[in-house]
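Notebook open, coffee poured. I want to go through the fold piece by piece and write down what I find.

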Amino acid sequence: MDRFVIRGGVPLAGSVTPSGSKNAVLALMAASLLAEGDVVLENTPGVRDLQTMIRILKRLGVDAGWESSGTVRVQAAEPSSVEAPYELVRTMRASFMVLGPLIARCGHARVSLPGGCGIGARPVDQHLKGLRALGAKVELTGGYVEAHADRLRGTHLVFDVPTVTGTQNVLMAACLAEGTTILENVALEPEVTELCTVLTGMGACIRGTGTARLEVEGVSRLSGVRHRVVADRIEAATLLVAAAVTGGDVEVRGAEPGHLDAVLDKIREAGAEVTVSEGGIRLRAGARASGTRINTAPYPGFPTDMQAQMMVLLALAEGPSVVTETVFENRFMHVPELRRMGARITVDGRTAVIEGVPFLSGAPVMATDLRASASLVLAGLASRGETNVLRVYHIDRGYHQIEQKLSSLGGRIRRVRD
Ligand code: EPZ
């Protein structure tokens, strides 16, 4: 297993470009199952989750792979299997998004339930509710979803909660259903908007893109498409917070500032200077951050995927802060590790109260999930002394060459293969 060895104390400086959006690509690769032609995705990140999705598509008999570094091609002429097995789905829950496209394209699917995950129970009831509303016969047997539908029929569905992949799963199925589907209370994340745009480019008829109400006119077939994936907004925000916690001055190029309003507001509230220009977003850290309050929320609220990273900035801030995690029930696994580095954080249920300290000290720490691991890297960069972040495979799932990006900004971080 690899670990990162980090020697903190260097203010990051320079400019950096985040990779393409992991979460956008995963949905678009699932959508490629709907297409009778080739789907070519450019600016894709070389992360483990994407490799896992390629393995799942291949298991479905689909020709999927890297065409060049950064470009993935999927040729889903005719999937020869409709089963996504447990041993793959359990390693990456986003695989569950092949369910809707398989039912819509092939009339049946056998997909393993994703099971739990470190940050929460993460049920998929809304995915199943939506597919049943479209007329699919859905049964749960032996930890698998078995679903059949000769032809899906349009429906009118209101999601109980705004779920990102739930919206994406049902939306993809609706594109090939007979008739009109209205989806309400859909997730507004940019990854949903990007999926709508690409599906439209494949021939789908979708109205309301970017709003909480989508109207889909089913079509009989979808064609291939070439698309350049948008920059990863969470990686971009992570790099900005890395600059803030080290007292640096960094420009993140190529990211879409409009996808980060809530995060940029909070970073400014905490005292850093953030300017948006044509080329990107520049952050100049202030003298010392000041405490603030953060409530995570579905987009356009403060993203849960930035909560752990922001907590590092607040741990070093002047005065108290309060962080409430409203999206997932167990997303404070980074807190015990930050405490070992000297942070003063107390957790009560979904709320963490942070008493800022003047500095953190390096220590060996354990990564537990993708974003918690990113926060430990940021803490290491901000700390005095040396930090070893163990189990960096968690980070490799969603950040491509993060150590190279941080080193290019002056961060002292290197990967050690144990
Ligand atoms: C997506 O997960 C992202 N993953 C997550 O990013 C992100 O944290 C999350 O959205 C929230 O923004 C991908 O896009 C691949 P949800 P998803 O369904 O779709 C409840 C990362 O770090 N819910 O929007 O699984 C659920 O329990 C990952 O990149 C139901 O109750 O999240 C949660 O409380 C981590 N029933 C809330 O909705 C359902 O059927 C939001 O979850 C589905 C969800």
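Starting with a single side chain. I looked up Ser-375 and found a relative accessibility of 0%, so the residue counts as buried, the cut-off for that being under 20%. Remember that this is a predicted model.

Where does Ser-375 lie? I find this serine in helix H12. Leaving aside residues up to four places away in sequence, I list Ala-308, Gln-309, Val-312 and His-334 as what Ser-375 touches.

Next entry: the sheet.

I went from H12 to the strands. The sheet is open, has four strands and runs in the order E22-E23-E1-E24, with mixed pairing. I noted strand E22 (364-366) and strand E24 (412-417) as the edges, since each of them pairs on one side only. On average, neighbouring strands here are turned by 25° against each other, if I ignore direction. Helix H12, residues 370-382, packs on this sheet and touches E1, E22, E23 and E24. I get about 30° between the direction of H12 and that of E1.

I then checked E1 on both of its pairings. How many bridges join E1 to E24? I count six, with strand E1 (residues 2-7) and E24 running antiparallel. For a register mark I took Val-5, whose bridge partner in E24 is Arg-414. With E23, E1 pairs over five bridges, also in the antiparallel sense. My register mark for that pairing is Arg-3, which stands opposite Leu-390 in E23.

Next entry: a helix pair.

I wanted the angle and the distance between the axes, as that is how two packed helices are described. For helix H5 (residues 125-133) and helix H6 (residues 164-174), I have axes that come within 8 Å and cross at roughly 20°. Angles under 35 degrees count as roughly parallel, so I wrote H5 and H6 down as roughly parallel to each other. The hand of the H5 and H6 crossing is right-handed.

Which residues meet there? From H5 I listed Gln-126, His-127, Gly-130 and Leu-131, and from H6 their counterparts Thr-165, Gly-166, Asn-169, Val-170 and Ala-173. Sorted by class, the H5 and H6 contact comes to three nonpolar, six polar and no charged residues.

Last entry: backbone oddities.

I went looking for these because most residues other than glycine have a negative phi, and most peptide bonds are trans.

Is the bond from Tyr-299 to Pro-300 cis or trans? I have the bond as cis, with omega near 10°. Pro-300 sits in the loop between strand E18 (293-295) and helix H10 (307-315).

For positive phi I noted Asn-43, at near 60° and not a glycine. I place Asn-43 in the loop that runs between strand E3 (38-42) and helix H2 (48-59). Arg-391 goes on the page too, with a positive phi of about 60° although this residue is no glycine either. Arg-391 lies in the loop between strand E23 (386-390) and helix H13 (393-396). Buried or exposed? Neither quite: I get a relative accessible area of 35% for Arg-391, so I call this arginine partly exposed.

Technical notes: Residues are numbered from 1 along each chain as its sequence is written. This is a predicted model: local features need pLDDT of at least 70, side-chain atom pairs count only at pLDDT 80 or more; totals for chains, interfaces and linings use all residues. Side-chain values use heavy atoms; hydrogens and water are left out. Helices (H or I, at least four residues) and strands (E, at least two) are DSSP runs, numbered from the N terminus. Buried means under 20% relative accessible area, exposed over 50%, partly exposed in between (1.4 Å probe, protein chains only). Two strands pair if DSSP finds at least two bridges between them. Axes are lines fitted to C-alpha atoms, for helices over the stretch in contact, and angles run from 0 to 180 degrees between N-to-C directions. Contact means heavy atoms within 4.5 Å. Angles under 35 degrees count as roughly parallel, over 145 as roughly antiparallel, 65 to 115 as roughly perpendicular and the rest as oblique. A crossing is left-handed if the near helix is turned anticlockwise from the far one by less than a right angle, and right-handed if clockwise. Ala, Val, Leu, Ile, Met, Phe, Trp, Tyr, Cys and Pro count as nonpolar, Asp, Glu, Lys and Arg as charged, and the others, Gly among them, as polar.
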